[in-house]
Amino acid sequence: MPQFPDGTRLRQFDSRGYSSIRDCSHVYSDGSNVTAIFPDRQDKYRILDLLAVAAFETGVRILVSEVMTTHFHAIVSGTETCREQFKVSVWRKLAAWVARNGLDGCISGGLALINDPIRETDELKSKIMYVYRNSLCAGIPLVPWQYEGGPGDIYFIDHAHEGLKGIPLSDLPARKVREYFHTMAKLPSSWRYDEVERRLLPHSYMDWSRVEGLFKTLRAFVAFLAQKKDLETKFDLECAAGAINKASEKDLRLEILNMCRETYHLDRVSLASLEQRTELAARLWASGRTYSLSVLSRIALLPKDYLHRLFSVD
């Protein structure tokens, strides 16, 4: 069974008897406030490479990733800290991509990325398939393994044959690796790239063995590939809500900080007294600027049950 470096098992069973996991997240970007920033095949290849490099640099493994015209999805595994570092690294690299290509005007409200931990094995299977077949949701008339912005045909295949495609990075001079993939890191020499497209081949860096081990059989993989529309709709809504909540929380943190500075002349909310933080929370709640006590608890640094009693929320 996979383990963290300290020997902690990654998989266990929860109180209901469901197989649970501790090492995976669904990391994705908000596409609701974005116009086409990855419209071409080459754009999608570059972002897939960006995700692969960020994963290597932060110590996570990509199980599957997909780049659409306005956003991306990735299922990654690693420690909680590494997964958050991956999200931050991707945000920085994407911000640089947007600036380098003059695409700032294509994003309203800022670039938003979400790190959504996955807790159960069945959820992991479903979300892997949600990402893998995301092109179908967009109405692209191709089987998922033919979509140019995805992993391609890398699961339940002849891996010995697939592993010989492309050219090893060890054959590429270090300066070319830096030029092609925008990293100073020494990428694994066993990774392979397409000489014509100048892209990393997903089979060499995606953790297809973990995916196959998770589904166990091709029959199970195909069954999940045909998952129901209502499950896909649920994940769509979950992604939309996650993007909205994360963006909203960021805005609220800035708002309460400005209130703290203007009212109490303090540069951090953590320096305010209990009474002062209560006053700031009350002002935000009264103005209708937040609808969630969980969010308010985090940004005002006050216990949720304390806020619950204070505002008499049912």
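This report walks through a predicted model, from the whole chain down to a few of its strands, helices and loops.

Local features are described where pLDDT is at least 70, side-chain atom pairs count only at pLDDT 80 or more, and totals for chains, interfaces and linings use all residues. Residues are numbered from 1 along each chain as its sequence is written, and side-chain values use heavy atoms, with hydrogens and water left out.

## The whole chain

The chain holds 13 helices and 8 strands. Here helices (H or I, at least four residues) and strands (E, at least two) are DSSP runs, numbered from the N terminus. Of its 314 residues, 46% count as buried. Buried means under 20% relative accessible area, exposed means over 50%, and partly exposed lies in between (1.4 Å probe, protein chains only). The accessible surface of the chain comes to about 16,200 Å², and 53% of that belongs to carbon and sulfur atoms. These areas come from the Shrake-Rupley method with a 1.4 Å probe; for residues, only the protein chains shown count as cover.

Contacts can also be sorted by separation along the chain, a contact being heavy atoms within 4.5 Å. Among contacts with a separation of 6 or more, 67% are between residues 24 or more positions apart.

## A hairpin and an open sheet

Let us turn to the strands. Strands β3 (residues 61-67) and β4 run antiparallel and are joined by 6 bridges; two strands pair if DSSP finds at least two bridges between them. Together β3 and β4 form a hairpin, with 4 residues between them. Val67 has Phe72 of β4 as its bridge partner.

How many residues of strand β4 (residues 72-77) are buried? The count is 6 of 6. Phe72, Ala74 and Val76 point one way from β4, while His73, Ile75 and Ser77 point the other way.

Elsewhere, an open sheet of 3 strands has the order β6-β7-β8, with antiparallel pairing. β6 (167-168) and β8 (199-200) stand at the edges with a single partner strand each, so one side of each has no neighbour in the sheet. Between β6 and strand β7 (residues 192-194) there are 2 bridges, and Pro168 stands opposite Arg192 in β7.

## Two helices that cross

Two packed helices are described by the angle between their axes and the distance between the axes. The axes of helix α12 (residues 293-300) and helix α13 (residues 304-311) come within 9 Å and cross at roughly 115°. Axes are lines fitted to C-alpha atoms, for helices over the stretch in contact, and angles run from 0 to 180 degrees between N-to-C directions. On the α12 side the contact is made by Leu293, Ser294, Leu296 and Ser297, and on the α13 side by Lys304, Leu307, His308 and Phe311.

## Two loops with a positive phi

Most residues other than glycine have a negative phi, and most peptide bonds are trans. The table shows two residues with a positive value.

| Residue | Phi | Loop | Relative accessible area |
|---|---|---|---|
| Lys216 | near 75° | between α8 (208-215) and α9 (218-225) | 61%, exposed |
| Leu301 | about 60° | between α12 and α13 | 41%, partly exposed |

Lys216 follows α8, a helix whose buried residues are Arg210, Val211, Glu212, Leu214 and Phe215. Leu301 brings us back to the crossing pair, as its loop lies between α12 and α13.
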